[in-house]
Amino acid sequence: MNVGDTLSWTRTFTEEDIRVFATVSGDEGEHHLVPDDRGRLMAHGLLTATLPTKIGGDLNLIARELTFHFHRPVFAGDTIECVVTLVEARQREGYTDVVSEWICTNQNGKEVMTGGGSGIIKDRTA
């Protein structure tokens, strides 16, 4: 990737995703387990945060710092697209320091989460 390049990932969260994440994370807040007055379960913020981290995993990124800003809730059935932009890359001996920013939007085009992060990508050895 070069500075300015983007990668995206889209996912629709299910009730099962939310319930499994509640069990795995231990965050069993009522709003994640009991439907609201519209019959919806709210996804965990950190479940939503798996979108940019999935893209980082595709790049073999070892994260050093991640920042998340949650703007509105995500519910079961919502489809979220995350676009990650590489804003900085510095080649070092054996690895590249990278800085990225991301915007996650729901199926209605509304921002649900923004943020950024830094980390390293180790050089591949033959």
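Student: How many bridges join E4 to E5?

Tutor: Happy to start there: this is a predicted model, in which local features need pLDDT of at least 70, side-chain atom pairs count only at pLDDT 80 or more, and totals for chains, interfaces and linings use all residues. Strands (E, at least two residues) and helices (H or I, at least four) are DSSP runs numbered from the N terminus, and two strands pair if DSSP finds at least two bridges between them. E4 and E5 run antiparallel, and the number of bridges joining them is 11.

Student: Which residue in E5 is the bridge partner of Thr 96?

Tutor: Residues are numbered from 1 along each chain as its sequence is written, and side-chain values use heavy atoms, with hydrogens and water left out. Look across from Thr 96 into E5, and the bridge partner there is Ile 121.

Student: Which residue in the turn of the E4 and E5 hairpin has a positive phi?

Tutor: Five residues lie between E4 and E5 in this hairpin. Among the turn residues, the one with a positive phi, about 80 degrees, is Gly 109.

Student: In what order do the five strands form the open sheet?

Tutor: The pairing in this sheet is antiparallel. Strand E1 (6-12) and strand E2 (62-70) each pair on one side only, so they are the edge strands. The order across the sheet is E1-E3-E4-E5-E2.

Student: By what angle are neighbouring strands of this sheet turned against each other on average?

Tutor: Axes are lines fitted to C-alpha atoms, for helices over the stretch in contact, and angles run from 0 to 180 degrees between N-to-C directions. With direction ignored, the average for neighbouring strands here is 20 degrees.

Student: Which helix packs on the sheet, touching E1, E2, E3, E4 and strand E5 (111-122)?

Tutor: Contact means heavy atoms within 4.5 Å. The helix in question covers residues 50-58, and its direction makes about 130 degrees with that of E1. The helix is H4.

Student: Is Ser 100 buried or exposed?

Tutor: Ser 100 lies in strand E4. Not counting residues up to four places away in sequence, Ser 100 touches Val 84, Thr 85, Leu 86, Val 87, Gly 115, Gly 116 and Gly 117. Buried means under 20% relative accessible area, exposed over 50% and partly exposed in between (1.4 Å probe, protein chains only). Because its relative accessible area is 16%, Ser 100 is buried.

Student: What relative accessible area does Lys 122 have?

Tutor: Lys 122 lies in strand E5. Leaving aside neighbours within four places in sequence, Lys 122 is in contact with Ile 62, Gly 94 and Tyr 95. Lys 122 counts as exposed because its relative accessible area is 55%.

Student: How far apart in space are the C-alpha atoms of Lys 122 and His 32?

Tutor: In sequence, Lys 122 and His 32 are 90 residues apart. In space, C-alpha to C-alpha, they are separated by 37 Å.

Student: Which residue in E4 stands opposite Ala 89?

Tutor: Ala 89 lies in strand E3, and E3 (residues 79-92) is joined to the antiparallel E4 (residues 95-105) by 11 bridges. Ala 89 counts as partly exposed because its relative accessibility is 35%. Not counting residues up to four places away in sequence, its contacts include Val 3 and Thr 96. Opposite Ala 89 in E4 stands Val 98.

Student: What relative accessibility does Thr 48 have?

Tutor: Thr 48 is found in helix H3 (residues 45-48). Beyond its neighbours within four places in sequence, Thr 48 is in contact with Phe 13, Ala 43, Val 74 and Met 113. Thr 48 counts as buried because its relative accessibility is 3%.

Student: Where is Asn 60 placed?

Tutor: Phi of Asn 60 is near 65 degrees, a positive value in a residue other than glycine. As for its place, Asn 60 is in the loop between H4 and E2.

Student: What pattern does the protein chain follow along the sequence?

Tutor: The chain has four helices and five strands. Of its 126 residues, 30% count as buried. Read along the sequence, the pattern is β-α-α-α-α-β-β-β-β.
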